[in-house]
Amino acid sequence: MNITSNKVSLKCKDYSVSGAYFELKHDDDLDILITSPQPKSEELGQYYKSEDYISHTDAKRNLFEKLYHTVKGIALKRKLNLINSFDNETKSLLDVGCGTGDFLQIAKANGWKVCGIEPDEGARQLAINKVGNHIKDASTINTLPNNSFDVITLWHVLEHLPNLDLQIETYKRLLKPKGTLIIAVPNFKSYDANYYKAYWAAFDVPRHLWHFSQTGISKILAKQQFKIKNTLPMLFDAFYVCLLSEKYKTGQMNFVKAFQIGLLSNLKAKRSGEYSSLIYIVKNE
């Protein structure tokens with residue numbers, strides 16, 4: 001994807017692994033921010049090699065990780081209810097970036113035929129242990145047959161993926177006619193993003209290559225004739241992101257301050273619609 005503007009909006013630090021700084025450049029045409037420079041595909045893996053990268057482990061070593069997994073359990077049930085609410089011909093599900101496989105596990109237990117894509121070897125093995133050999137490396141997605149899934153989900157994954165336009169083209173190919181694409185991503189237009197600015201944890205450079213607005217998501221999907229049918233908030237995300245943002249800004253997790261900013265962000269979003277993270281329900285028409 002070509003950057004149509006060299007305007008640097010922010011300079012952000014990689015707090016998780018390298019400590020390096022990256023620029024966020026605004027694409028004026030799409031209204032998204034683009035991490036610059038972006039690591040090459042063969043270099044991306046090294047930026048995930050951290051014990052603190054929580055979505056690749058099932059660890060519950062401290063209060064923060066225990067809270068994360070408690071909230072995750074609630075979120076999993078909501079995700080299941082969401083996919084069950086659609087008209088699904090065969091209940092076939094592809095979860096891209098499935099992590100340790102918890103969503104696929106609960107979906108499989110509820111009658112879904114599941115398939116997962118996960119590039120991280122450690123997380124992929126944990127997922128295989130939960131749902132069997134339905135979990136594949138990212139390189140195999142191009143071998144999956146056309147029109148084979150009722151639902152494709154990306155839970156905080158699209159922002160990690162290189163070749164953005166090619167990704168969307170692939171999901172178009174894999175979805176059945178009238179199938180549903182579900183994309184959950186952070187929203188850099190939210191109040192908490194504006195409050196924390198360069199310290200906002202959801203920028204998560206350079207693992208997050210793209211940073212989306214509602215306008216940007218709509219324009220990117222429109223290239224493949226996808227239509228957004230509904231947009232839903234992820235209310236818990238504001239508190240989680242604010243906790244990490246407080247740590248980056250002040251050196252410690254200030255639970256009280258993070259709760260206050262997260263709550264304020266959700267309250268302001270009731271009027272503006274600009275929640276910290278959003279779920280886009282997209283139809284293949």
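**Figure 1. Asp-204 occupies the loop between helix H5 (191–196) and strand S9 (210–211).** The view is taken from a predicted model. With a relative accessibility of 16%, Asp-204 counts as buried, because the limit for that class is under 20% relative accessible area. The phi angle of Asp-204 is near 35 degrees, a positive value in a residue other than glycine. Most residues other than glycine have a negative phi. Ser-16 is included in the view: 188 residues separate Asp-204 and Ser-16 along the chain, while their C-alpha atoms are separated by 8.1 Å.

**Figure 2. A cis peptide bond leads from Val-205 to Pro-206.** The omega angle of this bond is near -5 degrees. Pro-206 is found in the loop between H5 and S9, and Asp-204 lies in the loop between H5 and S9 as well. The loop thus presents two backbone features: the positive phi of Asp-204 and the cis bond from Val-205 to Pro-206. Most peptide bonds are trans.

**Figure 3. The peptide bond from Ser-36 to Pro-37 is cis.** Its omega angle is near -5 degrees. Pro-37 belongs to the loop that runs between strand S3 (32–36) and helix H1 (63–84).

**Figure 4. Lys-91 has a positive phi although it is not a glycine.** The angle is about 55 degrees. Lys-91 is placed in the loop between H1 and strand S4 (92–96). The relative accessible area of Lys-91 is 27%, so the residue is classed as partly exposed. Asp-204, by comparison, counts as buried at 16% relative accessibility.

**Figure 5. The structure holds 0 disulfides, as the surroundings of Cys-115 and Cys-242 illustrate.** Cys-115 is in no disulfide, and the nearest cysteine sulfur, that of Cys-98, is 8.5 Å away. A disulfide would require a pair of cysteine sulfur atoms within 2.5 Å. Cys-115 is buried, with a relative accessible area of 10%. Cys-242 is likewise in no disulfide; the nearest cysteine sulfur belongs to Cys-12, 15 Å away. The relative accessibility of Cys-242 is 0%, and Cys-242 therefore counts as buried.

**Figure 6. The protein, shown for context with the preceding close-ups, contains 8 helices and 11 strands.** Its radius of gyration is 18 Å, close to the 19 Å given by the globule rule for 285 residues, so the protein is as compact as a globular protein of that length. The C-alpha trace spans about 50 × 45 × 40 Å along the principal axes. Of the 285 residues, 49% count as buried. Among contacts between residues at least 6 apart in sequence, 70% join residues at least 24 apart. The accessible surface comes to about 13,500 Å², and carbon and sulfur atoms account for 51% of that area. The protein carries 37 positive and 30 negative side chains, with the centres of the two sets 5 Å apart.

Definitions and conventions
Residues are numbered from 1 along each chain as its sequence is written. This is a predicted model: local features need pLDDT of at least 70, side-chain atom pairs count only at pLDDT 80 or more; totals for chains, interfaces and linings use all residues. Side-chain values use heavy atoms; hydrogens and water are left out. Buried means under 20% relative accessible area, exposed over 50%, partly exposed in between (1.4 Å probe, protein chains only). Helices (H or I, at least four residues) and strands (E, at least two) are DSSP runs, numbered from the N terminus. The radius of gyration is taken over C-alpha atoms; the globule rule is 2.2 Å times the number of residues to the power 0.38. Contact means heavy atoms within 4.5 Å. Accessible areas come from the Shrake-Rupley method with a 1.4 Å probe; for residues, only the protein chains shown count as cover. Lys and Arg count as positive and Asp and Glu as negative; His and the chain ends are not counted. The place of a charge is taken as NZ of Lys, CZ of Arg, CG of Asp or CD of Glu.
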